[in-house]
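User: I am new to this structure and would like a close look at a single part of it, the aromatic rings and what surrounds them. Please go slowly and explain each term when it comes up.

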Amino acid sequence: MQDRDERAGRAALVLTGGGARAAYQVGVLGAIRELRGKRTGNPFPILCGTSAGAINATALAVHAADFGRAVRHIERVWRGLHVHDVYRVDPAALLGSGVRWGSALFAGWLVRQTPRALLDNAPLHGLLERVLDLSAIDPAIARGELHALSVTASGYSSGESLAFFQGAIDILPWRRAQRLGVRCALRIDHLMASSALPFVFPAVKINREFFGDGSMRQLAPVSPAIHLGADRILVIGAGRTAEEGRVRVERYPSPAQIAGHALSSIFLDTLAVDLESLSRINDTVGRLDPAQRAAAGIALRPIETLVIQPSQRLDTIAGRHAYSLPPLLRTVLRGLGTFRREGSTLLSYLLFEPGFVRALIELGYHDAMAREPELRRFLRLE
């Protein structure tokens, strides 16, 4: 199995962020499991995740010996999710958050306390501790079932994007402009930091710095996979399809619309730019054979890539499931303009409810099966 993988080139899976939108990735993974049939082992020895994608990537890593089992486990957890499994929605938590933010805005000089985030995601920490056995990662690496796992987070003080990785002994740390690869034993705190949506969830202190969502300042989302030794990369996004054309509007944008636009810029724009850059490099490097590259001192190599992203707007789907949220949370979000059509992007990041999750899983499955020939070629299933 290992010799065949080496001939085919080491495959990496890159899972991007997006809060509840990451349920889409589960559907794509389910299609891959189906296409592989009864094949054993792990088709992605390199796993790279950011934000909620980091949680999915880690779940695959802890079950690296059996990809099918890993996907079934991830899908079972996602399908059973409710918002209270991810963040507190009880009256004390929501009203307390409102009081803290109001006090900071109108009496900050008096209370001398800065609110940490809009929502308390302590329930997510408990959930991850229950469903992820991180002690299984090192044995999987030792057995050769996993080459590396990376989780990306963004430092609030340094402004640097750190890819925390756990992998084979021959992988070296790296440093590039505003981004680093740091070897460490991954913990739940790394996942909490990577998925800490700005303003929405609190930052997490790791060593000497506070970290937030890994999609912030992530100038090259595909880069960690290449540094970890990937020859071919499958990227599963959770972004938007093409934007609608400009239309005349009379109403000032709501806070939800502005926040959704900012989050979309964080999660989506850098991925598109990085993939475009990688495509140009592939085109240039591909014009030279290995001997010519060696003679010219060019260390670059062509990287095969396949990208699967939603064929439908996830904010539109979120709008159809908005009323599945708890009543008090609906009231809070309605005040921000989240229930307006143009504000549903923010809603799609927070809607951890079965109806929305299942809709995204189904969409991911159908989008992947629509790309079956390309997936079979990428996975070397011919």
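Analyst: The structure holds 6 aromatic pairs, where rings of Phe, Tyr and Trp (its six-membered ring) count as a pair if their centres lie within 6.5 Å, and where planes under 30 degrees apart are called stacked, those over 60 edge-to-face and the rest tilted. One of these pairs is formed by Tyr 87 and Phe 352, whose rings stand edge-to-face at 6.4 Å centre to centre with 75° between the planes. Tyr 87 belongs to the loop between α4 (67–79) and α5 (91–111) and Phe 352 to the loop between α14 (344–350) and α15 (354–369), so the pair ties together parts that are 265 residues apart in sequence. Helices and strands here are DSSP runs (H or I over at least four residues for a helix, E over at least two for a strand), numbered from the N terminus.

Before going further, a word on the source: this is a predicted model, in which local features need pLDDT of at least 70 and side-chain atom pairs count only at pLDDT 80 or more, while totals for chains, interfaces and linings use all residues. Residues are numbered from 1 along each chain as its sequence is written, and side-chain values use heavy atoms, with hydrogens and water left out. The pLDDT is the predictor's confidence in each residue, from 0 to 100; its mean over the chain is 84, and 76% of the residues reach 70 or more. Over residues 1–7 the pLDDT stays under 50, and the model has 2 contacts beyond four places in sequence for them. Where pLDDT is low, the predicted coordinates should not be read in detail.

Returning to the pair, both partners are buried, a word that means under 20% relative accessible area, as against exposed for over 50% and partly exposed in between (1.4 Å probe, protein chains only). Tyr 87 has a relative accessible area of 0%, and the value for Phe 352 is 6%. The two rings also belong to one aromatic cluster, which Trp 78 and Phe 201 form together with Tyr 87 and Phe 352. Setting aside residues up to four places away in sequence, Trp 78 touches Phe 352 as well as Gly 19, Ala 20, Ala 22, Ala 23, Val 26, Asn 56, Val 357 and Ile 361, a contact being heavy atoms within 4.5 Å.

Trp 78 and Tyr 87 also stand out in the largest nonpolar core, where they, Phe 44 and Leu 234 touch the most other members among its 91 residues. Such a core is a set of buried Ala, Val, Leu, Ile, Met, Phe, Trp, Tyr and Cys residues joined through side-chain atoms within 4.5 Å. A second, separate core has 17 residues, including Ala 12, Ala 148, Phe 165 and Ile 303.

From Phe 201, another ring of the cluster, the view leads to Ser 195, because Phe 201 is among the contacts of Ser 195 beyond four places in sequence, together with Ser 51, Ala 52, Ile 55, Leu 124 and Asp 213. Ser 195 sits in the loop between α8 (188–194) and β7 (204–206) and is buried at 7% relative accessibility. Two of its contacts, Ala 52 and Ile 55, are buried residues of α3. In that helix, which covers residues 52–62, 11 of the 11 residues are buried, so α3 is largely enclosed by the rest of the structure. Phe 199 also lies in the loop between α8 and β7, but this residue is exposed, with a relative accessible area of 62%, and has a positive phi of about 70° although it is not a glycine. Most residues other than glycine have a negative phi.

Some rings have a charge above them, which is counted if NZ of Lys or CZ of Arg is within 6 Å of the ring centre and within 35 degrees of the ring normal. Arg 21 lies over the face of Tyr 349, at 4.7 Å from the ring centre, and the charged end of Arg 232 sits over the ring of Phe 378, 5.3 Å from its centre. Phe 378 is part of helix α16 (residues 372–378) and is buried, at 1% relative accessibility. Beyond four places in sequence, the residues that Phe 378 touches include Arg 232 itself, Phe 44 and Leu 234, and the latter two are among the residues named above for touching the most other members of the largest core.
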